[in-house]
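Visitor: Please take me slowly through one part of this model, the core of its sheet arrangement, and then show me how the neighbouring parts are placed around it.

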Amino acid sequence: MSQATINRNVEAELERSSAASGQVSVCGVSKSYGTHEVLHDIDLEIEPGEVVALLGPSGSGKSTLLRTINHLESVDGGSILIDGEYIGYVRKGDRLFELREAETLRRRTRVGMVFQNFNLFPHLTALQNITAAPVALQRASKTDADAQARALLKRVGLEGKEQHYPRQLSGGQQQRVAIARALALKPDVLLFDEPTSALDPELVGEVLDVIRELAHGGTTLVIVTHEIGFAREVADRIVFLDAGRIIEQGTPEQVLTNPRHPRTQDFIRKVL
Ligand code: ADP
Ligand code: MG
C-alpha cells in the first residue's frame with residue numbers, strides 16, 4: 001500500500017471513529033477520601049457528541065469527577081457507564097463483578113484523557129509517544145500505528161516534529177502531542193483537565209484551536225477549564241460544580257450570562 005493510501009485510510013478511520021457513540025451516564029456517584037466527601041450524589045447524562053464544560057472553584061471535585069469517568073478512580077456509590085457499559089465491572093443480575101485488568105484496559109481506551117501537565121513520556125519522541133499505546137494494546141501494527149501517528153501530528157499542526165522529544169517542544173506543542181496521543185486510541189469520549197492551565201499565555205490559543213476542531217468533530221468532550229470565553233464558545237452545556245455537587249447547569253448563555261445560584265455568580269464574577 002502506498003503512503004498516500006495509508007494516509008487516506010487513516011483519515012477515513014479517524015472520521016468514522018469521531019462519528020461513533022460516546023454516551024456518558026454518571027448516576028448517583030459519590031466519592032470520599034477518608035471522611036472528606038469530594039463528590040456527592042452526582043447525576044450527569046452526556047449525549048454522544050455533546051461538548052460539556054465543567055466549571056467550578058478549586059477543590060470542588062472537577063478532576064475527581066473526570067478521573068472517575070475514566071475509571072482512574074473507583075466510586076464509593078453510584079455508577080458510571082459509557083455507552084451503557086461499565087468500564088471496570090460487569091453486571092450479572094443485580095450484582096457487579098470486577099473485570100479482569102485486560103478487559104478494563106480495553107474498555108478504558110474508549111475514554112481518552114488529556115492532563116494539565118501533558119504527561120508525555122520524556123524518553124520517547126513525539127511519534128513514539130503516540131504509537132506506544134496502540135502498539136502495546138495490539139490495536140495496530142508498527143507500520144499502521146506510525147502512519148496514524150503522522151496523520152494525527154499533522155492534524156494538530158505538528159507535521160515535521162515526529163522525531164522531537166518532549167523537552168525539544170514548547171508547552172503548547174507538547175499538549176498537542178498529548179491530544180494526538182489520546183486520539184490515537186480512537187476514544188468515544190475525551191476528557192480534558194485544565195489543558196491550558198500550565199501554558200504561557202501566548203501558547204494557549206494553539207491548544208484551544210485543536211480542541212475547537214475536535215468540538216466540531218462529533219467526539220464527546222468534557223472540558224475542565226478556566227477559559228470562560230472558550231467554554232462559552234464551544235460548549236453545548238456548562239456544568240457548574242461546587243463542593244462536590246452540581247449546583248447549576250445549562251447553556252452557556254444561561255449559566256454564564258444569567259447564573260442563578262449565588263455561588264455560580266460569585267465564581268463568574270471572579271474569573272471574568
Ligand atoms: P478540582 O479539580 O475541582 O480542583 P479535585 O477533584 O482535584 O478538585 O479535588 C477535590 C477535593 O478532593 C480537594 O479537597 C482535594 O484536596 C481532594 N482530593 C483529591 N484527590 C485526593 C486524593 N487522592 N487523596 C485525598 N484527597 C484528595
Ligand atoms: Mg483539578
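Guide: What follows starts with the conventions, then goes to the sheet and its surroundings.

This is a predicted model, in which local features need pLDDT of at least 70 and side-chain atom pairs count only at pLDDT 80 or more, while totals for chains, interfaces and linings use all residues. Residues are numbered from 1 along each chain as its sequence is written, and chains are lettered from A and ligands numbered from 1 in the order in which they are written.

For the frame, an unreviewed UniProt entry lists residues 24-268 under "domain: ABC transporter"; the positions are in the numbering used here, feature names are shortened, and such annotations may be inferred rather than shown by experiment. Over that stretch the chain is 37% helix and 28% strand, with its end C-alpha atoms 26 Å apart. Helices (H or I, at least four residues) and strands (E, at least two) are DSSP runs, numbered from the N terminus.

The part to look at closely is an open sheet of six strands with mixed pairing, in the order β8-β9-β10-β3-β11-β12, where two strands pair if DSSP finds at least two bridges between them. At its edges stand β8 (111-114) and β12 (245-250), each with a single partner strand, so one side of each is left without a neighbour in the sheet. From one strand to the next the twist averages 20°; axes here are lines fitted to C-alpha atoms, for helices over the stretch in contact, and angles run from 0 to 180 degrees between N-to-C directions.

Inside this sheet, β3 (residues 51-55) runs parallel to β11 (residues 237-242), the two being joined by four bridges, and Val52 stands opposite Arg237 in β11. Helix α6 packs on the sheet, touching β8 and β9 (189-193), and its direction makes about 170° with that of β8; contact means that two C-beta atoms, placed from the backbone, lie within 7 Å.

β3 also pairs with β10 in the parallel sense, over four bridges, and here Val52 stands opposite Val222. β9 and β10 are parallel too, over five bridges, with Leu190 opposite Leu221 in β10. Five of the five residues of β10 are buried, so the strand is largely enclosed by the rest of the structure; buried means that 20 or more other C-beta atoms lie within 10 Å of a residue's own, exposed 12 or fewer, and partly exposed in between, with C-beta atoms placed from the backbone. Both faces are covered, with Thr220, Val222 and Val224 buried on one side and Leu221 and Ile223 on the other.

Helix α7 (residues 201-216) lies across β3, β9 and β10 (220-224), running at about 145° to β10. Val210 lies in this helix and is buried, with 21 other C-beta atoms within 10 Å. Leaving aside residues up to four places away in sequence, Val210 touches Val156, Arg176 and Ile179. Val210 is 115 residues from Arg95 in sequence, and 41 Å from Arg95 in space, C-alpha to C-alpha.

A further helix, α4 (residues 126-136), has Ala126, Leu127, Asn129, Ile130, Thr131 and Pro134 as its buried residues. Their cover includes α6 (171-183), already met on the sheet, and α5 (142-155). Gln138, which follows α4, has a positive phi, near 55°.

Another open sheet has four strands, antiparallel in pairing, in the order β2-β1-β4-β5. Its edges are β2 (36-46) and β5 (85-86), each with a single partner strand, so one side of each is left without a neighbour in the sheet. β1 (residues 24-33) and β2 pair in the antiparallel sense over seven bridges, Val29 standing opposite Ile42 in β2. Helix α2 packs on this sheet, touching β1, β2 and β4 (77-82), and its direction makes about 120° with that of β1. Lys31 has Leu39 in β2 as its bridge partner. Two residues lie between β1 and β2 in their hairpin, and Gly34 in the turn has a positive phi of about 60°.

α2 (residues 62-69) also gives the largest share, three residues, of the shell around ligand 1, in which a residue is counted if its C-beta atom, placed from the backbone, lies within 6 Å. That shell is made of Tyr33, Val38, Gly56, Ser58, Gly59, Ser60, Gly61, Lys62, Ser63 and Thr64. It divides into two nonpolar, seven polar and one charged, where Ala, Val, Leu, Ile, Met, Phe, Trp, Tyr, Cys and Pro count as nonpolar, Asp, Glu, Lys and Arg as charged, and the others, Gly among them, as polar.
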